[in-house]
Amino acid sequence: MTEQSIHLTINGIERAAKCEDRTALLDFVRHDLGLTGTHAGCEHGVCGACTVEVNGQIVRSCLMFACQANGASVKTVEGIAQAGELSDLQAAFKKHHALQCGFCTPGFLMAAEDLLQKNTSPSDSEVREGLSGNLCRCTGYVGIVEAVLEVAEQRRNAIGDTHA
Amino acid sequence: MHRPSSIREILDLLELHGEDARILAGGQTLVPMLAMRVASPAHLIDLSLTQELHQFNVTKGSLRVGAGVTQSTLEGWDLLAITQPLLKMMFPWVAHSPIRNRGTVCGSIAHADPSAEMVLALMTLGGSVTLACKKRERRVKAADFFLGALQTSRESNELIVSVEFPIQSAGTGFGFAEYGYRHGDFAVVAVAVVRNGKSWTIGFGGVDDTVKVSRIEASSLAEVNEHINKLASTIEVREDPTATSGLRRHLMRSMGARAAKQAFEFEGEYQS
C-alpha cells in the first residue's frame with residue numbers, strides 16, 4: 001500500500017487525487033493541487049508557515065500526511081481572499097506593513113483568522129499568544145499584532161452596525 | 001502506512017511488524033522525527049480511523065483518555081476544569097494550539113519526554129497506562145511505565161490503548177508553574193502540586209531523565225517550601241545546553257514555591 005486515492009474538499013472545491021503514503025499534506029497541496037500559497041518553511045512543525053485548516057482546525061500541514069486528509073475539508077490561504085479581493089485581514093496586513101518578505105504570511109493569516117473566530121475581542125497579549133506558534137524572521141510582530149487587533153475591532157463594529 | 005479501523009487490526013499489525021512499526025497518533029513528534037530521518041520505521045500504523053480510540057470518559061474514579069484523543073479535544077471539554085483541574089492548567093503550556101489540534105495526550109505519554117506536561121500530570125496524579133497486545137491487556141502505574149528519557153516499559157507489540165488520570169477527592173488543591181524560554185517551548189523546569197489536606201504531592205518535570213515525585217505531610221506553606229528547598233539542593237539534576245544544573249535548582253525553588261502557593265490557595269469548583 002504505497003499509493004492511495006483520496007477525495008477532499010479544498011477551499012470549497014471537491015478534488016480527487018492519488019498520493020503516496022509518505023506525501024505530507026503540505027507537499028500534496030503545493031505540488032499535486034498547485035496551491036503554492038501554503039509555504040514550506042522548516043518542514044518539522046516549528047515555524048507555522050505551512051498552517052492550513054483541516055475540518056475547522058488549524059494544523060501544521062507538514063506534520064500530517066495527505067492520505068490522512070481523505071474525506072476532510074481543507075482550507076488554505078487561497079481560500080481567504082473573496083472573489084479576487086483581499087479579505088479585511090489581508091488588507092490590514094498590507095496597511096500595517098505586517099509582512100516584509102511575505103514567506104510567513106500565509107501561516108500568519110490562517111492562524112490569525114482562527115484566532116479571530118475563537119476570540120472576537122482579543123487583547124494585545126492574547127493576539128501574541130494566539131500567534132506564538134508562527135515565526136516571522138524579518139519584519140517582526142508589531143505590525144502583525146496591530147493588523148489583527150484592527151480587524152477584530154472592525155468586525156465588532158460591523159456586527160454592532162447591523163444590530164443597531 | 002496502515003490505516004486500521006479497529007484495535008484488533010492494530011494489535012495484529014503490531015504482532016506482525018513489532019520492532020519495524022511505529023504507531024502514528026497525532027504525529028506532532030513522530031513526523032518531525034521522520035522528516036529528520038531520526039526515525040525510519042518500515043511500517044506506520046495510523047490510529048486516526050480507529051474510532052474506539054477517540055474517546056475519553058470518567059470511569060472507575062479516573063479520567064480515562066483513549067489513544068486517539070487530541071490535546072485540544074480534552075482541553076475544550078467543558079467539564080475538564082472540575083474533573084481534572086491540573087490538566088486544565090497545563091494545556092495552554094503544551095506547545096501551541098495548532099500542535100494541540102493534532103497532538104494526542106497518549107502520544108505525549110508514549111514519547112516520554114521528561115519535560116512534557118502530560119508526563120508530569122500522569123506522574124504527579126499517580127495515574128496509569130493501559131497497554132494491549134494480541135494476547136493480553138495490562139495496566140501499568142505511571143512510575144513503572146517511564147523508565148528514562150524517551151524510554152518506557154511498552155513492548156514493541158503493545159499499543160497504548162489509554163491513559164488514566166485519577167480523579168482526586170473533593171477539596172483537593174492544584175498548582176502548576178513552568179519556566180521555558182519562549183511560549184510553547186519545552187519546559188526547562190515544570191512543577192505540579194496536588195494538595196489534599198496536609199498531604200502534598202510535588203512533581204518536577206524537566207529536571208532529570210524522569211519526572212521526580214515527592215510526597216510530604218505538612219501543615220503550612222512554609223514547611224512545603226522548606227521541603228522543596230531541600231529537594232532542590234539534594235536530588236539529581238541534569239545539566240544541558242538549555243540550562244545549568246544550578247539554574248534548574250533555582251527554578252525548582254521558585255517555580256515550586258509558586259505552584260505550592262497556588263495549590264494552597266486553590267479555590268476551584270472542583271468536584272470528585
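In which hand does α10(B) pass α11(B)? In this predicted model, where local features need pLDDT of at least 70, side-chain atom pairs count only at pLDDT 80 or more, and totals for chains, interfaces and linings use all residues, α10(B) passes α11(B) in a right-handed crossing (the near helix is turned clockwise from the far one by less than a right angle; anticlockwise would be left-handed). Residues are numbered from 1 along each chain as its sequence is written, chains are lettered from A and ligands numbered from 1 in the order in which they are written, and side-chain values use heavy atoms, with hydrogens and water left out.

Helix α10 of chain B covers residues 221-234 and helix α11 of chain B residues 245-264, and the two pack at an angle of about 155° with their axes 9 Å apart (helices are DSSP runs of H or I with at least four residues, strands runs of E with at least two; axes are lines fitted to C-alpha atoms, for helices over the stretch in contact, and angles run from 0 to 180 degrees between N-to-C directions). That angle makes α10(B) roughly antiparallel to α11(B), a term for angles over 145 degrees. Among the residues that meet are L221(B) and I228(B) in α10(B), and M252(B) and F264(B) in α11(B), contact being heavy atoms within 4.5 Å.

Elsewhere in chain B, strand β5 (residues 128-132) and strand β6 (residues 137-141) pair in the antiparallel sense over five bridges, pairing requiring at least two DSSP bridges. A hairpin of four residues joins β5(B) to β6(B), and S128(B) has K141(B) as its bridge partner.

Chain A has five helices and five strands, running β-β-α-β-β-β-α-α-α-α from the N terminus.

How values were computed
Angles under 35 degrees count as roughly parallel, over 145 as roughly antiparallel, 65 to 115 as roughly perpendicular and the rest as oblique.
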